[in-house]
Amino acid sequence: MIEAKKKFGQNFLQDTTVVSKIIQSMPRNERKLVEIGPGLGDLTQELLKVKALVAYEVDEDLCVYLRKKYSTKIDEGELTLVQTDVLKQFEKGSLCEEPYDLVANLPYYIATTIILEALEDPNCKSMTVMIQKEVAEKFAALPKTKEFTSLAILAQSIGTAAILFDVSPESFEPQPKVVSSILKIDKQKEFVEGKFSGLFESNEQLQKFKKYLRCSFQSPRKTWLKNISSEFDKAYVEKIMYDQSLPITIRPHEISVLSHHLLFKTLRLNDARKRSN
Ligand code: SAM
C-alpha cells in the first residue's frame, strides 16, 4: 500500500468515468505522448491503450511500484519512465526530442509553472491537463472578466485555451480541498520547425512580450495607461491609445489579446520613447 505524499501534490484519480473522459478529449495523431506524474498509473494504463508514452515521475517509491506494474510495457518500449523533477527536464530544453502532446493530472503546487514551461517548449503541441479549476479559469479567461490577466493573454497568444469539464474532489484519493478542471490548450500559433510563427517572431520577442505584460498588469485595478507610463512617456502612450481608438481609462483586463499585441509592437518600435528613470 502506497501512502499519498502531500509534498508531491499526490491526489490519485480514482474515478474511471473521469479517466475515460480525459482519454476521449486527448488528441488523436501520430505525435509522441508525454505524461507528467503518472502516480499509481491509473491514467497511464488507459493512455497506453492509445499509444506509447514517456512519463516523468519525481517520487522514487512510485517509480519502483510503476516499474513492477508495467515491467512488460517498459521492456516492450511502450512506456519510458523517467524518475526526475519534471522542471529539471524543462530546464534541459524539452520533455521530448520530437513534437509531443502532454496529457496529465498535474501536481497542483507546480501546475502553473509546468503549463508556462510547456507553452514555451517548442516541441509541446498541445496540453490536456487536470488542474485546480481556479487556475484553469485564469488560462481560459475571456477579456473584460477579472480573471483575464497575463496567464490568459500568454496562453491565448500561443494557442487556444478552453476548459472541457470540471471534476469534483470525490473523484480523488485523498480528496483535494478544491474543484478541478480539465484544461485544453492547442498551440495553433506556435513554433514551426524551430521558428516562431503567428504572434511571435522569435523567442526574444516572446520574452519581451512577457515583460510588457508584467508592466501592463503591475496594478491590475489601475488603468493600462497608468501602468505602462511607469516605462513609457505618458503623452506618447496617450497618442498611441488615441490612434488605436482605446479610451485612456481602459484597464489592462479590458484590452483584447490582439490589441495587447498591437500596443506591444507599437511601443517596441519606439523604444526610444522609454522613460529614463
Ligand atoms: N496521474 C496520477 C493520477 O491521475 O492519479 C497522479 C496525479 S497526482 C495529482 C500528481 C503526480 O505528480 C504525483 O504522482 C506526484 O508524485 C507527481 N509529481 C509531483 N511533483 C512532480 C515533479 N516535480 N516532477 C514530476 N512528477 C511530479
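## The nonpolar core

In this predicted model, the largest nonpolar core has 51 residues. Leu102, Val129, Phe139, Ala155 and Leu183 have the most contacts inside it. Helix 8, residues 150–158, gives the most to this core, with 6 residues.

Leucine 183 shows what such a contact set looks like. Neighbours within four places in sequence are left aside here. Leucine 183 is then in contact with Val129, Ile131, Ala136, Phe139, Ala140, Ala161 and Ile163. Two of the names with the most contacts in the core, Val129 and Phe139, are on that list.

## Helix 7 and its cover

Helix 7 runs over residues 133–140. Its buried residues are Val135, Ala136, Lys138, Phe139 and Ala140. A lysine is thus listed beside nonpolar names.

What covers these buried residues? The cover includes two helices, helix 6 (111–120) and helix 8. It also includes strand 6 (124–132), strand 7 (160–167) and strand 9 (180–186). Leucine 183 touches Ala136, Phe139 and Ala140, and these three are among the buried residues of helix 7.

## Around the ligand

The shell around the ligand holds 24 residues. Leu13, Gly37, Gly39, Asn105 and Pro107 come nearest. By type, the shell divides into 14 nonpolar, 6 polar and 4 charged residues.

Several elements supply at least two shell residues each. They are strand 1 (12–13), helix 2 (42–50), strand 3 and helix 5 (86–91).

## The annotated binding site

An unreviewed UniProt entry carries the annotation "binding site". According to that record, it covers Asn11, Leu13, Gly37, Glu57, Asp85 and Asn105. Leu13, Gly37 and Asn105 are also among the residues that come nearest to the ligand.

Is glutamate 57 buried or exposed? Glutamate 57 has 24 other C-beta atoms within 10 Å, and the cut-off for buried is 20 or more, so it is buried. Glutamate 57 sits in strand 3, residues 53–57. Beyond residues up to four places away in sequence, glutamate 57 touches Gly37, Pro38, Leu62, Cys63, Leu66, Leu81 and Gln83.

Asparagine 105 belongs to strand 5, residues 100–105. Asparagine 105 counts as buried because it has 28 C-beta neighbours inside 10 Å. Not counting residues up to four places away in sequence, asparagine 105 touches Leu13, Gly37, Leu43 and Met130. Gly37 is therefore touched by glutamate 57 and by asparagine 105, with both of these counted as buried.

## The whole chain

The protein chain has 12 helices and 9 strands. Its radius of gyration is 21 Å, close to the 19 Å that the globule rule gives for 277 residues. The chain is therefore as compact as a globular protein of that length. Along its principal axes, the C-alpha trace spans about 65 × 40 × 30 Å.

Of the 277 residues, 36% count as buried. Consider the contacts with a separation of 6 or more. Residues 24 or more positions apart account for 66% of them.

## Backbone exceptions

Most residues other than glycine have a negative phi, and most peptide bonds are trans. A few places in this chain depart from that.

Which residues does a cis peptide bond join? The bond lies between glutamate 173 and proline 174, with omega about -5°. Proline 174 is in the loop between strand 8 (172–173) and strand 9.

Lysine 144 has a positive phi, near 75°, and is not a glycine. Lysine 144 lies in the loop between helix 7 and helix 8. With 11 other C-beta atoms within 10 Å, lysine 144 is exposed.

Serine 245 also has a positive phi, of about 55°. The loop that holds serine 245 runs between helix 11 (234–243) and helix 12 (257–269). Serine 245 is exposed, with 7 other C-beta atoms within 10 Å.

## Leucine 263 in helix 12

Leucine 263 is located in helix 12. Is leucine 263 buried or exposed? Leucine 263 has 20 other C-beta atoms within 10 Å, so it is buried under a cut-off of 20 or more. Leaving out residues up to four places away in sequence, leucine 263 touches Ile240 and Gln244.

How far apart in space are leucine 263 and serine 181? Their C-alpha atoms are 32 Å apart, and the two residues are 82 residues apart in sequence.

Terms used. Residues are numbered from 1 along each chain as its sequence is written. This is a predicted model: local features need pLDDT of at least 70, side-chain atom pairs count only at pLDDT 80 or more; totals for chains, interfaces and linings use all residues. UniProt positions are given in the numbering used here, feature names are shortened, and annotations may be inferred rather than shown by experiment. Helices (H or I, at least four residues) and strands (E, at least two) are DSSP runs, numbered from the N terminus. A residue is buried if 20 or more other C-beta atoms lie within 10 Å of its own, exposed if 12 or fewer, and partly exposed in between; C-beta atoms are placed from the backbone. Two residues are in contact if their C-beta atoms, placed from the backbone, lie within 7 Å. A residue is near a molecule or strand if its C-beta atom, placed from the backbone, lies within 6 Å of it. Ala, Val, Leu, Ile, Met, Phe, Trp, Tyr, Cys and Pro count as nonpolar, Asp, Glu, Lys and Arg as charged, and the others, Gly among them, as polar. A nonpolar core is a set of buried Ala, Val, Leu, Ile, Met, Phe, Trp, Tyr and Cys residues joined through C-beta atoms within 7 Å. The radius of gyration is taken over C-alpha atoms; the globule rule is 2.2 Å times the number of residues to the power 0.38.
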